[in-house]
Number of protein chains: 2
Amino acid sequence: MAKELVFGHQSPDTDAICAAIEYAYLQEKLGYDVEAVALGEPNEETKFVLNQFNQKAPRVIKEAKPEVDSVMLVDHNEPQQSVSDIDKLNVTHVVDHHRIANFNTEKPLFYRAEPVGCVSTVLFEMFNEKSVEIPQKIAGLMLSAIISDTLLLKSPTTTDVDKNAVKELAKIANVDYEDYGIKMLKAGTNVDARSDEDLIDGDAKSFTMGGKSIRIDQINTVDLNDVLKRKDNLKKAMKSEAESEGYDLFLVIATNVLDSNSELIVVGEPKDAVEKAFNGKLSEEDTIALPGVVSRKKQVVPPLTDILD
Amino acid sequence: MAKELVFGHQSPDTDAICAAIEYAYLQEKLGYDVEAVALGEPNEETKFVLNQFNQKAPRVIKEAKPEVDSVMLVDHNEPQQSVSDIDKLNVTHVVDHHRIANFNTEKPLFYRAEPVGCVSTVLFEMFNEKSVEIPQKIAGLMLSAIISDTLLLKSPTTTDVDKNAVKELAKIANVDYEDYGIKMLKAGTNVDARSDEDLIDGDAKSFTMGGKSIRIDQINTVDLNDVLKRKDNLKKAMKSEAESEGYDLFLVIATNVLDSNSELIVVGEPKDAVEKAFNGKLSEEDTIALPGVVSRKKQVVPPLTDILD
C-alpha cells in the first residue's frame with residue numbers, strides 16, 4: 001500500500017495537529033502506511049500540549065503531491081482550508097466535525113463526520129469501535145484537543161459525547177482535566193507576545209459564501225481588552241492581507257475563554273450583511289459585541305451563510 | 001425530537017429501499033423519530049426481496065418538506081439523485097458508499113461513507129459498533145442488498161468487508177446465500193415484461209460532469225440479447241426522455257449478471273467522449289461492448305468523469 005499523508009487544516013489549532021497524530025496512529029494499527037504532517041507550525045497552546053505529553057510536532061508541508069498521490073484529511077474538508085495542491089491529490093479518508101462544502105471526489109472514499117465539539121471525539125469513538133487501545137500519550141492529545149475546541153466543555157458545540165470522551169480520556173491520560181484545561185487555555189492566550197500578523201492569521205479559515213471570499217480568524221484571550229487595545233493596528237494588518245489575498249470580508253473574533261463572550265472586528269464588505277447576521281450595529285470603529293458567542297462554526301458561520309447565500 | 005424521513009435515491013434499487021428500512025430501524029433503536037420512505041416503487045428484484053422477508057414496501061414520497069424539516073439520506077448524496085425539494089431540507093445524516101459531489105451543508109452533520117460494495121455493508125458495521133442486535137428480517141434485507149449491489153460478490157466493487165458481512169448475515173437470516181442470490185438476481189431481470197420507458201428509467205441516475213447533464217441507466221439481464229433486440233425502440237425512448245429532461249448524454253448499460261459483461265447504448269453528445277472513456281469505437285447503431293464491466297460506479301462513472309471534467 002502506497003504511503004499517504006494525514007493532516008488537518010491550514011493555520012492549525014490544537015485539534016488539527018493532534019487529530020492528525022491520533023488518526024495516523026489508528027491507521028497504522030489498521031495496516032496503512034501513513035505519516036502525520038501539518039500545514040503550519042503549532043500555536044502556543046499546541047506547543048504547550050505537545051510538550052506536556054512529550055510529543056514531537058509534526059513536520060510542516062506546503063505541498064503534498066511531490067511526496068504522495070493520496071492523502072487523509074482530519075478536521076476539515078473544504079479545499080480552500082486544505083493543502084495548496086489539494087486538487088492534484090486523491091482524498092481517501094476524511095474524519096471531520098464540520099459542514100461539508102465544495103468537497104467533491106471522483107471516487108468513493110471513507111468519510112466520517114459527526115456534529116460533535118471536536119474531531120478528536122470522533123477519533124475516540126473510532127479507536128473504541130476498532131478495539132484499538134488508546135495509549136496514554138494519544139489520550140492526552142485527544143483530551144487536549146477536545147478541551148481546546150470546546151473551551152473546556154463550555155462552547156455550545158459541546159455534546160454529551162464530548163463530555164463522556166473527556167472523562168474517559170482523563171482517566172487514561174491520568175490528569176485532572178479541569179485544572180489542566182485552564183492551564184492549557186491560558187498558555188494559548190498570550191496575546192501580548194504575538195505580532196498583529198500572527199494574531200489575525202493564527203486560527204484563520206477561508207470560506208466561500210454567496211460568491212464572496214470570507215476570511216474568519218479567532219483569537220482566544222483571558223481579557224478582551226488585550227485584543228481591542230490593538231484594534232487599529234489589527235485592522236491595518238487585516239486590510240493589507242485582504243488586499244494581497246483577495247478576501248472580500250475579513251472578520252476577527254476576539255473571544256474571552258473564561259466568560260464566553262466575543263467582540264468582532266470587521267474589515268471589508270458587505271458590512272451590512274454582518275450587521276444583519278448578528279442583529280446589531282457596527283461601532284464607528286467597525287466592531288460589534290457578540291455576547292455569549294464562542295463558536296465560529298456554530299455561531300458565526302451559519303448566520304453569515306444564511307444572509308450571504 | 002422532530003420526526004425525520006429516511007430515504008435512498010430516485011429510481012430506487014434493492015439497496016436504496018432496504019438501506020432506508022435498515023437505517024430507520026437502527027436510528028429508532030438509538031432514540032430518533034424516523035420513518036423509512038422511498039422515492040419510487042420497488043423494482044421486480046426488490047419486490048421479490050420484500051416478499052421473501054415479509055416486509056411491506058416503504059411509502060413513496062415526491063416531496064419531503066410538506067412533512068418534515070430534516071431528512072436522513074442513504075445510498076446517495078448528490079442532490080440531483082435525491083428528493084425533488086432537497087434544497088429546502090436540512091440533511092442531518094448520510095450513510096453512503098459513493099463519491100461525494102455537489103453535496104453542501106450549512107451545518108455539521110453525521111456522514112458515514114465507506115468505499116465498499118453496498119451501503120448495507122456499512123449499516124451492518126454500524127449495528128455492530130452500536131451493539132444493536134440485527135433481527136432476522138433486517139439481516140435478510142441487508143444480505144439481499146449486498147447481493148444485489150455486488151452481483152453476488154462478483155462486481156469489482158466487492159470488498160472483503162462485503163464478503164464477511166454476507167457470510168455473517170446469511171447465518172442470521174438463515175438462508176443459503178448463493179442459492180437465494182441467484183433466484184433473487186433472476187427475479188430482477190425479467191426484461192421482456194418491462195416497457196421501454198421502464199427499462200431506461202428503472203435504475204437510472206443523473207450526473208453532472210464537465211457542465212454536461214449525463215443520465216446513466218443500468219439494466220440487469222441473464223441474456224444481453226433480451227435488451228439488444230429492442231435497442232431501436234430503447235434509443236427512441238432515450239432520445240425522447242433526453243429532450244424532455246434536458247440530458248446532454250444518455251447511456252444505458254445492459255449487464256449480463258451471470259457472465260459479468262456489458263453492452264452500452266449511447267444517445268446524445270459528446271459521443272467521442274464515450275469512445276475515449278472506454279477506449280473503443282461506437283458501432284453504427286451507437287452501441288459499444290464493455291467486456292468485464294458490471295459496475296456503473298467503479299467502471300463507468302470514473303473514466304467518463306476523467307474525460308469530461
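**Exercise 1.** Leu153(A) is buried, with a relative accessible area of 16%; state where Leu153(A) lies in chain A, and what sign its phi has.

**Solution.** The model is predicted, so that local features need pLDDT of at least 70 and side-chain atom pairs count only at pLDDT 80 or more, while totals for chains, interfaces and linings use all residues. Residues are numbered from 1 along each chain as its sequence is written, chains are lettered from A and ligands numbered from 1 in the order in which they are written, and side-chain values use heavy atoms, with hydrogens and water left out.

Step 1: buried means under 20% relative accessible area, exposed over 50%, and partly exposed in between (1.4 Å probe, protein chains only), and Leu153(A) is buried because its value is 16%.

Step 2: Leu153(A) sits in the loop that connects helix H4 (136-150) with helix H5 (160-173) of chain A, where helices (H or I, at least four residues) and strands (E, at least two) are DSSP runs numbered from the N terminus.

Step 3: the phi of Leu153(A) is positive, about 65 degrees, although the residue is not a glycine. Most residues other than glycine have a negative phi, and most peptide bonds are trans.

**Exercise 2.** Determine whether Asn54(A), a residue other than glycine with a positive phi, is buried or exposed, and then locate the cis peptide bonds that precede Pro270(A) and Pro270(B).

**Solution.** Step 1: Asn54(A) has a phi near 55 degrees and belongs to the loop between helix H2 (44-52) and strand E3 (59-60) of chain A.

Step 2: Asn54(A) is exposed because its relative accessible area is 64%.

Step 3: in chain A the cis bond runs from Glu269(A) to Pro270(A), with omega near 0 degrees, and Pro270(A) is placed in the loop between strand E10 (261-268) and helix H10 (271-277) of chain A.

Step 4: in chain B a cis bond joins Glu269(B) and Pro270(B), with omega about 5 degrees, and Pro270(B) is found in the loop between strand E10 (261-268) and helix H10 (271-277) of chain B.

**Exercise 3.** Describe the interface of chain B and chain A: how many residues are in contact, what area is buried, and which elements of chain B take part?

**Solution.** Step 1: contact means heavy atoms within 4.5 Å, and 26 residues of chain B are in contact with 26 residues of chain A.

Step 2: the two chains bury about 2,200 Å² between them, with 57% of it on carbon and sulfur atoms, buried area being the accessible area (1.4 Å probe) that two parts lose on being put together, summed over both. Of the area that chain B buries against chain A, Ile100(B), Glu106(B) and Pro108(B) supply 27%, more than any other three residues.

Step 3: strand E6 (110-113), helix H3 (119-129) and helix H11 (296-308) of chain B each give at least two residues to the side of chain B that touches chain A.

Step 4: strand E6 (residues 110-113) of chain A pairs with E6(B) in the antiparallel sense over three bridges, with Arg112(A) standing opposite Arg112(B); two strands pair if DSSP finds at least two bridges between them.

Step 5: across this interface the rule finds zero salt bridges, a salt bridge being a side-chain nitrogen of Lys or Arg within 4 Å of a carboxyl oxygen of Asp or Glu.

**Exercise 4.** Find the salt-bridge partner of Arg112(B), and compare the burial of the two residues in the pair formed by Lys281(A) and Glu275(A).

**Solution.** Step 1: over all chains the structure holds 43 salt bridges.

Step 2: Arg112(B) forms a salt bridge with Glu129(B), the closest N and O atoms being 2.8 Å apart. This pair links distant parts of the chain, 17 residues apart, with Glu129(B) in helix H3 and Arg112(B) in strand E6 of chain B. Glu129(B) is partly exposed, at 23% relative accessibility, whereas Arg112(B) is buried, at 9%.

Step 3: Lys281(A) and Glu275(A) form a salt bridge whose closest N and O atoms are 3.7 Å apart; Lys281(A) is exposed because its relative accessible area is 67%, whereas Glu275(A) is buried because its value is 17%.

**Exercise 5.** Examine strand E7 of chain B and identify its strand partner.

**Solution.** Step 1: strand E7 (residues 205-209) of chain B is mostly covered, four of its five residues being buried.

Step 2: five bridges join E7(B) to strand E8 (residues 212-221) of chain B, and the two run antiparallel, with Lys205(B) standing opposite Ile216(B).

Step 3: two residues lie between the strands of this hairpin, in which Gly210(B) takes a positive phi near 50 degrees.
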